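Hi everyone, thanks for making time for this. I'd like to walk you through one structure today, going from its ligands to a helix and a few individual residues.

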Amino acid sequence: MSESTNHSFEEVQNIAVIGAGYVGLVSGACFASFGFKVDLVEVNATKLAALRRGEVPIYEPGLEGILEDASADGNIRFHASSKELFAVANPEVVFIAVGTPENPDGSCNLDYVFQAAKDAVEASKEDVVLVLKSTVPVGTAQKVKDLIRELAPKHKVAVVNNPEFLKEGSAIADFRRPERVVIGGTEAWALERVKSLYRSLLHSGHALFVTDHETAELSKLSANLMLASRISLINQVSRLATAYGADVKQVEAVLRSDSRIGSKYLYAGLGYGGSCFPKDVKDFIHICKEKGVDASMAETVHSFNESQKLFFVDDLKKSFPKPAETTVALLGVAFKPDTDDIRESPALVLTKVLREAGYKLRAYDPKAIENYKTWMVDEGIQGVECVDSAKVALDGADVCVLVTEWQEFQRLSLGGLSRLFKGKKLYDGKNVFNPTQVKSWGMDYMGVGR
Ligand code: UDX
Ligand code: UDX
């Protein structure tokens, strides 16, 4: 592996991105804002129609403006298929950013990745680099290469890994100011071509790691396992803090002051959610087992996280033993603030468990409520009232559970809150309120480890 700072660049003008989801759309839009001509493929007809109308089908701060500018500059277009794309464009690099959903056994479903690769190879006419942007199990690039060999294209087709490290909610900044760019592959011309795309970033001193395929793939999975394990560890600490009446927030502050430990990914809460940590940890476990490697560390990170999502449930059931007469206000259903994404959100598990127990639920989220409604329809869940504001959610409720730390919840006046909701027990799933202040307004408080 080499960590390079001097780069020589081949000029690339045209980029394609297959999959206009949270990762693909942000990546495509950011590349277009660097001046590249970007063509995106999106198979979902509803999303595609919205994109063509100039609407953004997901909520990601800053994305709308970038897409508007890119389309005004004529730098971005949307297509229904690779065939349609290659009929009008000739991209030198094709990013594959399609979903990689989880199989029932915890393994990663690569069907969309393989299909996207096959479609791009069959539609392309000139030398092209396929870049795996979606998070994939170790060994995937090799499988894509085998697939290409079978297709036997007449021109050169190379495969390169370039994993994404974007955090939803701050994905634009993460793309434009990455702490590092990882590029994995074996063919020098293809590696140079992909490196050239990051020219403006790399010249500002960001680290570039050029590795083989397997190392790049493992680096991405390991980064997410490492971050997820920190969260499970601090959540483990939060349980002991609860048992002893210690304050996990203060423990976190002490830990952060140790430069060996570092300051990030150390806040306790209702467990990690999202489209990456849960899936990638399970994928890590799965590929360990395939190779006969002991996966017990990663297994514990995962199982601990699952139970952490239910941290408040026992206390809530004990404190409010008559579910049919208890209204629970859920503040936030997104897996984190500044996104409309609900994938693996603790709110989903809480909704299921509390509804099964017979509690009445009222939910509010500034951006994610439509996705939550769709999820409930898919799951056949009824009896949850979705409302338009935190105030309406709290009005007359018996219990409040804060799941997502949106700024607007953190700004709620405790006085107003205590007048609104009659049950007066606040479960603070992200430790954003000050327990003493909450109690001074006559409300009961339970945080995660404080
Ligand atoms: C995806 C992967 O799931 C994740 O592993 C990776 O790290 C980043 O990319 P994300 O962008 O959040 O994550 O997924 P999603 O928002 O579901 O976007 C995927 C998009 O690809 C969807 O819009 C889907 O319609 C589209 N798609 C899927 C295609 O265009 N073609 C396909 O064959 C399959
Ligand atoms: C993550 C990775 O950070 C990113 O690099 C990768 O490419 C995709 O997955 P994302 O899932 O979008 O990004 O959000 P992130 O901010 O990392 O949060 C993930 C989950 O961890 C959220 O549910 C969040 O609430 C939780 N979390 C995070 C904690 O519970 N405690 C923390 O200290 C940090």
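Let's begin at ligand 1, where one of the oxygen atoms sits 3.3 Å from a polar backbone atom of Val-43. Before I go further, please keep in mind that this is a predicted model. Two side chains also reach ligand 1 with polar atoms: Thr-135 comes to 2.6 Å from a ligand oxygen, and Glu-164 comes to 2.8 Å from a ligand oxygen. How much of ligand 1 does the protein cover? On its own, ligand 1 has 700 Å² of accessible area, and the protein covers 88% of that.

Stepping back to the whole shell, 21 residues surround ligand 1. The closest are Glu-42, Lys-47, Thr-100, Thr-135 and Glu-164. If you like to think in terms of chemistry, that shell splits into eight nonpolar, eight polar and five charged residues.

Now over to ligand 2. Here the shell has 18 residues, and the closest are Glu-168, Tyr-265, Tyr-267, Gly-273 and Lys-336. By class, there are ten nonpolar, two polar and six charged residues around ligand 2. The polar contacts I want to show you here are with the backbone. A polar backbone atom of Glu-168 is 2.7 Å from an oxygen of ligand 2. Phe-165 has a polar backbone atom 3.1 Å from a ligand 2 oxygen, and for Phe-335 a backbone N or O atom also lies 3.1 Å from an oxygen of ligand 2. As for coverage, ligand 2 alone has 660 Å² of accessible area, of which the protein covers 95%.

Which element gives the most residues to the shell around ligand 2? That would be helix H10, residues 213–244, with three residues. Let's check its geometry. H10 has 32 residues, so at 1.5 Å a residue it should span 46 Å, and its end C-alpha atoms are 47 Å apart, which agrees. The N-terminal end of H10 is capped by Asp-212, with a side-chain oxygen 3.2 Å from the backbone nitrogen of Glu-214. Just past the helix, Gly-245 adopts a positive phi of about 75°.

The next stop is Asn-161, in strand E7, residues 157–161. Is Asn-161 buried or exposed? Its relative accessibility is 2%, so Asn-161 counts as buried. The side chain of Asn-161 makes a polar contact of 2.7 Å with the side chain of His-213, and another of 3.1 Å with that of Glu-217.

A quick word on cysteines. How many disulfides does the structure hold? The count is zero. Take Cys-276: the closest cysteine sulfur, in Cys-108, is 10 Å from its own sulfur, too far for a bond. For Cys-400, the closest cysteine sulfur belongs to Cys-386 at 15 Å, and that is too far for a bond as well. Cys-400 also counts as buried, because its relative accessibility is 1%.

Last one, Asp-338. You'll find Asp-338 in the loop between strand E10 (327–331) and helix H15 (346–356). With 34% relative accessibility, Asp-338 counts as partly exposed. Here is a pair to look up in your viewer: Asp-338 and Pro-61 are 277 residues apart in sequence, yet their C-alpha atoms are 6.9 Å apart in space.

That's my tour, and I'm happy to take questions.

Terms used: Residues are numbered from 1 along each chain as its sequence is written. Chains are lettered from A and ligands numbered from 1 in the order in which they are written. This is a predicted model: local features need pLDDT of at least 70, side-chain atom pairs count only at pLDDT 80 or more; totals for chains, interfaces and linings use all residues. Side-chain values use heavy atoms; hydrogens and water are left out. A residue is near a molecule or strand if one of its heavy atoms lies within 4 Å of it. A polar contact is a pair of N or O atoms within 3.5 Å; within protein, one must be able to donate a hydrogen and the other to accept it, and residues adjacent in sequence count only if both atoms are side-chain atoms. Accessible areas come from the Shrake-Rupley method with a 1.4 Å probe; for residues, only the protein chains shown count as cover. Helices (H or I, at least four residues) and strands (E, at least two) are DSSP runs, numbered from the N terminus. Ala, Val, Leu, Ile, Met, Phe, Trp, Tyr, Cys and Pro count as nonpolar, Asp, Glu, Lys and Arg as charged, and the others, Gly among them, as polar. The expected span of a helix is 1.5 Å times one less than its number of residues. A disulfide is a pair of cysteine sulfur atoms within 2.5 Å. Buried means under 20% relative accessible area, exposed over 50%, partly exposed in between (1.4 Å probe, protein chains only).
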